[in-house]
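User: Could you take a close look at one part of this model for me? I'd like to see how the strands pair up.

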Amino acid sequence: MNMMAPTPAWGDMILPDRVRGALYRDPAIFELELEKIWYRTWVYVGHESEIANPHDYVLKSIGLQPIIMSRGGDGQVHLLLNRCTHRGNQVCPKEKGNSPMHTCPFHAWNFGSDGKLLGYAFPEGYEGLDKSKHGLGRVPRVASYRGFVFGSFASEGPSLEEHLGGAAETIDRLCDNAPEGEIEITAGFLKHRVKANWKFILENETDGYHPAFVHSSIFSVADSAIGGLYGAKSTALTRDYGNGHTELDLRPEFRKRDALLSWFGTTPDKLPDYVARMNAAYGEKKAREIMIDGTPHVMIFPNLFIAEIQMFVIQPLGVNDSVQHVTALQFKGAPDLNRRMRQQTMGSVGPAGFLLADDSEMYERTQRGMEAHDTDWVFLGRGEHRERRDEDGFLVAHATDEVPSRGIWKHYRSLMEQP
Ligand SMILES: [Fe+2]
């Protein structure tokens, strides 16, 4: 970042119902976002089930920084910087594995799965070196919620629970759909790279206005009832949980249908094992409520999107370059449901899938549209006149209203205005 560049006047660029296109286009703003958002707030990194055993590791990132998510021999989860403390080489080149030790390929310095420096080649050259001062760098704050691991580069600030606020309940709701109350991330990730700003993705995840048009092809060929969820007559809601977290709450529609597993487009006779296990785990009454409501459609700011049957993680690479990592959610104790989750994920967001390809095309076209400056406003005023507070005090409106985008930008502005 150019330290001499003046700080943008955020209040002139972000109004309650509109934002400047430069926010998606200006490389200097992207640099500021790294500093004030990605390297400060809580960012989702990975799931504990990806490193289930001692010494398991998997490569992740926060902003542009490469991270090793590692489980130490004692079971503790560490977020280590993937950078040798000797000459800065990437210590771990392999995407995932199990090893009590990481040996840097450059000069063979050795680090434990907890990041501590264990030793180095030809030690007589380092007479008196204090090993304890040369361990791998680490993300100062690491916290986990229901197995979802977040990291924050700010050593002080709101706790993860404070950051998640009301949106924590959506993660509880997700886990409740597993007979054993836990999610597992074991299906492997697809990566979709788009030449577009990360905030287009962030906003689109809970935008209920576009599906009727962008996704009309999947709605028509799949002969599904999804289309109705996003129509003008839908009773589904958009919700702003604060702190940038937003939801498309489809439960009102599913409750109207009052049919088990309609959220998943199926019926109990197709998943008898799952239904039996849910009844055994929660009792029939509670299990029925869970299987009618289904899983949430929620965007946890800034990068974790839970989309009913999938999980997406947004990774920014540059002002107009982003990756979406996507995997099928897997529910502990639900083998028959899990198999269908994987199949549906392939059909919707796989390489030949129907859903994400359409979204990605829109991201890139919008990025190109932003190059036309005009007045440079992006208008986000849809449904402002019909916003209201729900029983928990969160702002809600119609499924197609732009409550989520307004909530995201309100929080974004508060983060960017911090010194
Ligand atoms: Fe979409």
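Analyst: Here's a walk through a small sheet, and then a hairpin. This is a predicted model, where local features need pLDDT of at least 70, side-chain atom pairs count only at pLDDT 80 or more, and totals for chains, interfaces and linings use all residues. Residues are numbered from 1 along each chain as its sequence is written.

Let's start with the open sheet, which has three strands in the order 8-9-10 with antiparallel pairing. A strand here is a DSSP run of E with at least two residues, numbered from the N terminus, and two strands pair if DSSP finds at least two bridges between them. At the edges sit strand 8 (101-103) and strand 10 (117-119), each pairing on one side only. From one strand to the next, the twist averages 35°; the angles behind that run from 0 to 180 degrees between N-to-C directions, with axes as lines fitted to C-alpha atoms.

Now zoom in on strand 8: three bridges tie it to strand 9 (residues 110-112), and the two run antiparallel. Across that pairing, M101 faces G112 in strand 9. What holds such partners together? Strands of a sheet pair through backbone hydrogen bonds, either parallel or antiparallel.

Next comes the hairpin. Strand 11 (residues 141-145) pairs with strand 12 (residues 148-152) over five bridges, again in the antiparallel sense. Here S144 stands opposite V149 in strand 12. Two residues lie between the strands of this hairpin, and R146 takes a positive phi near 50°.

Terms used: Helices (H or I, at least four residues) and strands (E, at least two) are DSSP runs, numbered from the N terminus.
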